[in-house]
Amino acid sequence: MPPANAKKRPEDLRSHRWYGVKDLRSFGHRSRTAQSGFDRSDYTGKPVIAIINTWSDINPCHSHFRVRVEEVKRGVWQAGGFPLEMPAITLAEPFQKPTTMMYRNLLAMETEELLRSYPADGAVLMGGCDKTTPALLMGATSMGLPFIFMPAGPMLSGNWRGNKLGSGTDSWKYWAELRAGKITEDDWQEIEGGIARSPGHCMTMGTASTMTSATEALGLTLPGAASIPAADANHARMATASGKRIVDMVWEDMKPADLLTAASFDNAITTVLALGGSTNALVHLIAMARRAGVPLGLDRFDQLSQRTPLLADIRPAGRFLMEDFYYAGGLRGLLNRIRPLLALDARTVNGKTIGENIDGCRVYNDEVIRPLNKPIVASGSLAVLRGNLAPDGAVIKPAAAEQHLLKHAGRAVVFEDYNDMAARIDDPKLEIDATSVIVLKNAGPVGAPGMPEWGQLPIPKKLLAQGVRDMVRISDARMSGTSYGACVLHVAPESWVGGPLAFVQTGDIVELDVALRKLHLQVSDAELATRRAAWKAPAPRFKRGYGALFSKHISQANDGCDFDFLEGTAPTEDPEIH
């Protein structure tokens with residue numbers, strides 16, 4: 001039975017149209033549900049909860065979802081709901097080519113249409129691995145049903161000879177050491193065996209923990225959910241509690257529009273900045289906000305960056321890992337420290353405000369989560385750049401770069417695409433030194449395709465041997481949240497569609513000034529116009545299928561890389577029951 005504060009009656013439930021009507025079609029729905037072993041009493045007058053599960057054998061980050069989904073179901077049953085597990089495409093960051101980003105919108109579409117086409121009254125979204133989180137949230141937001149997000153949680157810390165290893169970050173670090181001859185092949189194989197020790201997503205502050213933390217700050221998870229390690233028993237209890245809570249959310253008719261506001265997105269951005277989160281958050285949060293009807297552009301990230309300190313000492317910008325962060329007080333501890341910067345009256349899925357959810361939350365290790373008066377970086381941990389090379393913007397993570405490179409002018413060494421770079425970057429004859437600026441073209445949303453995480457461009461082997469570990473690198477690609485370096489990313493418009501990056505030539509001088517938010521090509525307007533006139537648009541990469549759809553409808557990085565026909569809040573009618 002609905003609780004006393006319910007806004008809906010059983011006959012108001014969306015699933016009543018499938019199950020509660022006395023006609024031939026409902027007979028079919030009920031008889032087929034009986035075929036699955038359920039009695040009418042299991043679902044009659046109860047909220048039907050779709051559990052969107054992104055488990056797959058190819059996704060080790062979600063390997064525990066086979067068990068967690070049963071724990072979510074238990075919570076739904078306990079609260080008087082009827083759970084239905086609905087598998088959706090998994091986006092496995094380590095495996096999917098050319099990039100999971102190409103398929104983010106596909107999962108968003110699948111989520112929206114699963115919820116629309118079946119008798120769902122509410123949803124639990126099970127995700128965590130990088131693009132899975134924004135995809136699920138985008139689709140569920142567009143559908144508009146009550147939902148709660150259940151994050152996968154970070155894996156346990158890696159270990160090699162007593163040293164902690166962080167996924168991604170230490171992969172790049174030790175790969176550079178291997179290429180430089182500083183460690184052996186046997187060392188490298190030992191690192192390979194010790195860097196990923198349990199289920200869960202990356203335990204660095206990569207895109208996965210960045211987006212699950214942003215989701216909690218948006219108010220879309222239970223308080224504290226994003227920080228719990230996947231292998232911790234508290235994670236199982238959180239899964240069950242999420243299943244319980246979604247049933248009440250359905251009765252209360254708590255929809256995404258009730259939670260997703262400009263203030264809640266400011267909270268999410270501020271949280272990402274205080275965590276030193278992934279630059280991928282810009283693309284995803286812009287897309288998510290526009291699905292909710294909230295205008296959001298790059299400049300808002302830069303504005304909030306100017307006032308937000310970086311407090312979380314987590315790799316790649318810091319020293320620790322997510323397991324340490326959890327024991328230090330987790331996201332709620334950090335949020336309580338930055339509470340002066342948050343809209344504390346923003347509502348969350350548990351029915352309370354974010355301010356209420358973090359009241360009294362403490363930090364237990366000031367090394368992992370710094371006090372406000374001892375930040376890692378006082379402000380500006382993320383910067384949005386503009387100039388004649390990026391008229392629609394580009395992004396850099398200054399805290400993850402060698403500081404002397406944040407104001408730099410150097411000779412461009414240009415690679416036309418990823419294959420060109422792979423073929424020539426380690427050529428001893430390549431004319432390049434530590435002051436050069438490495439430029440990669442055709443790595444954006446359309447050009448790559450899918451804007452892969454190629455942005456941490458490799459440093460040439462001969463420079464690694466000289467001790468060089470960072471250089472200014474520029475591309476229209478993204479970068480893994482676990483990566484680091486003076487990498488300028490998301491250059492918009494991308495080179496494939498005729499953005500100015502397409503016209504850069506080896507030998508041009510590129511100027512970077514992060515303090516002035518400037519990315520400038522020292523070439524005259526007249527010369528750029530001449531190069532533009534001579535440029536020819538590449539032929540389309542795809543002639544059919546999802547690739548052709550993607551290339552035709554994908555927006556640029558500064559607009560969130562969503563499909564143009566999915567943006568906005570125009571309603572789509574529920575299907576007729578026939």
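**Strand, cores and cavities**

N53 lies in strand β1, which spans residues 48-53. The model is a predicted one. N53 is buried, with a relative accessible area of 2%. That value falls in the buried class because the cut-off is under 20%. Setting aside neighbours within four places in sequence, N53 is in contact with F65, V69, E85, M86, P87, A88 and M126. A long stretch of chain separates N53 from S475: the two are 422 residues apart. Their C-alpha atoms are separated by 34 Å.

I52 belongs to the largest nonpolar core. This core has 88 residues. The residues with the most contacts inside it are I52, L115, V124, L125, F265 and L285. Helix α12 supplies the largest share of this core, eight residues. Nonpolar side chains tend to be buried together in soluble globular proteins.

What is I52 in contact with, leaving aside its neighbours within four places in sequence? The partners are M86, A88, T111, L114, L115, V124, L125, M126 and L136. Of these, L115, V124 and L125 are also among the core residues with the most contacts. M86, A88 and M126 appear among the contacts of I52 and again among those of N53.

A second, separate core has 29 residues. Its members include L406, A412, L512 and V514.

Now to a loop. T100 lies between β2 (82-87) and α5 (101-117). Is T100 buried or exposed? T100 is buried, with a relative accessible area of 2%. Beyond its neighbours within four places in sequence, T100 is in contact with L91, A92, E93 and K131. With K131 there is also a polar contact, side chain to side chain, at 3.4 Å.

Helix α15 (330-337) comes next. Six of its eight residues are buried, so α15 is largely enclosed by the rest of the structure. The buried residues are G330, L331, G333, L334, L335 and N336. They pack against four helices: α9 (207-217), α11 (262-275), α14 (322-327) and α16.

Packing leaves some gaps. Rolling a probe the size of a water molecule over the atoms shows where empty space is left. Here the count comes to four cavities of 30 Å³ or more.

The largest cavity holds about 70 Å³ of space. Its lining is made of E216, G219, T221, P223, G224, R332, L335, T348, I354, N357 and I358. L335 is thus a lining residue and one of the buried residues of α15. Two helices, α15 and α16 (354-358), each supply at least two residues of this lining. Which of the helices gives the largest share of the lining? It is α16, with three residues. By class, the lining has four nonpolar, five polar and two charged residues.

The second largest cavity has a volume of about 50 Å³. L282, V283, L298, G393, V395, H490, A492, A557 and N558 line it. Helix α12 (280-291) and strand β8 (390-396) each supply at least two of these residues. This lining divides into six nonpolar, three polar and no charged residues. Helix α12 therefore has two roles in this account: it gives the largest nonpolar core its largest share, and it helps to line the second largest cavity.

Notes: Residues numbered from 1 in each chain as written. Predicted model: local features only at pLDDT ≥ 70, side-chain atom pairs only at ≥ 80, totals over all residues. Heavy atoms only, no water. 1 Å grid on protein atoms, 1.4 Å probe; cavity = no way out; pocket = protein on both sides within 12 Å on 5 of 7 lines; lining within 4 Å. Points joined across faces, edges and corners; volume = space filled by probe spheres on them. Nonpolar A, V, L, I, M, F, W, Y, C, P; charged D, E, K, R; others polar. Core = buried A, V, L, I, M, F, W, Y, C linked by side-chain atoms within 4.5 Å. Buried < 20%, exposed > 50% of the residue type's maximum accessible area, 1.4 Å probe, protein only. Contact = heavy atoms within 4.5 Å. Polar contact = N/O pair within 3.5 Å; in protein donor to acceptor, adjacent residues only side chain to side chain.
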